[in-house]
Amino acid sequence: MLKLGIIGTNWITAQFVDAAKESGQYELTAVYSRHVETAQEFAGKENPDAALFTDLEKFFASSAFDTVYIASPNSLHAQQAIAALTAGKNVIVEKPMVASQSELEAVTAALKAHPKQFLFEAARHLYEPNFQLVKQFVQKNDISGATLVYMKYSSKYDAYLAGKQPNVFTTKFAGGALMDLGVYLVYAALAWFGVPEKASYAPAILASGVDGSGALHLDYPDFSVNLICGKTTQSHLPSEIYTGKDTLVIDAPESISSIEHIVPGAKSTQLAGKQDKNPMIREAQFFADAIQNADYAARDRQFALAQQVHTLITQVRTQAGIQFPNDAQ
Ligand SMILES: NC(=O)c1ccc[n+]([C@@H]2O[C@H](COP(=O)([O-])OP(=O)(O)OC[C@H]3O[C@@H](n4cnc5c(N)ncnc54)[C@H](OP(=O)(O)O)[C@@H]3O)[C@@H](O)[C@H]2O)c1
């Protein structure tokens, strides 16, 4: 049984803790929050024995937990992941794992310096069976191209328009469409099609300096892939993968519930299976299995993909003129 500590007390952490408990492989034993009341509230009646912390150094120094789930604002992920590795903890860090090239290098060095520990980026869609079904389809067919879309009107955009500064709409916290939602599409493209030869990003940049939306173009030797992400509008477009005259229509790459194979002149086929109730259950199981079975090959495979994803994201983001304070560190 893994002893789980958490950083960040928003709804996503509650969802991960529920998935972790449902897996039967974790117990919540430590909660960090900037405010003791929030930590108490998060631990609640269900976790009366969880140790509560408001000091991050004391949290990492504590033996109350062995594995930490980090769901703080994006700009803090790398430094907290490195502090956790240095303190001897396993790390599950929310997407995006890093917010700059230098942070990617620092996290890579920290993992190398602590070879017995585990670090996973919580790119939850990778672990869902429907995501793997698409991967199998791509492996069996000659791909002619793809268009992947994730545009969602953010629950925090109204606050931004009203003059507030929600973390995810600031450069200070490494926000924006590419970092928040585009990362799911980049993961899908690289997991399904591999690393492209060339990539470029055309963003619509908000006054705050982050991208409200954008189109990412990936060039492969025989085809190209277009990724469209955004937080300032709501899209109802599906995503598509093309193979000659056939089309695979996917409802949403970040959370696939429908995969329709359309062949001209034939009845279309539905390939998707039923989704899990808690979308984080598969990743929670995968991470716990890897840690408990000392499966370093799984760790290294997933980390190599994360490195490719963040190398590409950092490159296209900085080329598009989107700068974060993390770039200068
Ligand atoms: N995998 C998924 O499906 C999914 C879904 C949503 C979000 N996420 C990821 O989860 C992470 C958190 O997202 P979120 O929307 O919950 O972010 P958020 O509301 O900006 O912050 C998350 C938590 O960090 C702490 N925090 C807030 N502002 C802070 C600040 N200025 N300095 C230090 N700590 C601060 C808060 O916890 P305390 O008040 O307790 O300190 C808060 O609950 C992001 O990286 C996001 O990409 C993933």
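Which residue just after α8 takes a positive phi? Read on for the close-ups of this predicted model, where local features need pLDDT of at least 70, side-chain atom pairs count only at pLDDT 80 or more, and totals for chains, interfaces and linings use all residues. Residues are numbered from 1 along each chain as its sequence is written, and side-chain values use heavy atoms, with hydrogens and water left out.

**View 1. Helix α8 and what follows.** Here's α8, running over residues 177–193, with a bend of about 45° at Val 183 (the angle between axes fitted to the seven residues ending there and the seven starting there). Helices are DSSP runs of H or I, at least four residues, numbered from the N terminus. Because 17 of the 17 residues of α8 are buried, the helix is largely enclosed by the rest of the structure; buried means under 20% relative accessible area, with a 1.4 Å probe and protein chains only. Gly 194 comes just after α8, with a positive phi of about 90°.

**View 2. The shell around the ligand.** The ligand has 22 residues around it, each with a heavy atom within 4 Å. The closest are Thr 9, Asn 10, Ser 33, Asn 74 and Asn 167. Helix α8 turns up again here: both α8 and α1 (11–23) supply at least two residues of the shell.

**View 3. Polar contacts with the ligand.** These are pairs of N or O atoms within 3.5 Å. Ser 33 puts a polar side-chain atom 2.6 Å from a ligand oxygen. For His 77, a side-chain N or O atom is 3.0 Å from an oxygen of the ligand, while Ser 72 uses a backbone N or O atom, at 3.4 Å from a ligand oxygen.

Note on methods:
Buried means under 20% relative accessible area, exposed over 50%, partly exposed in between (1.4 Å probe, protein chains only). A polar contact is a pair of N or O atoms within 3.5 Å; within protein, one must be able to donate a hydrogen and the other to accept it, and residues adjacent in sequence count only if both atoms are side-chain atoms.
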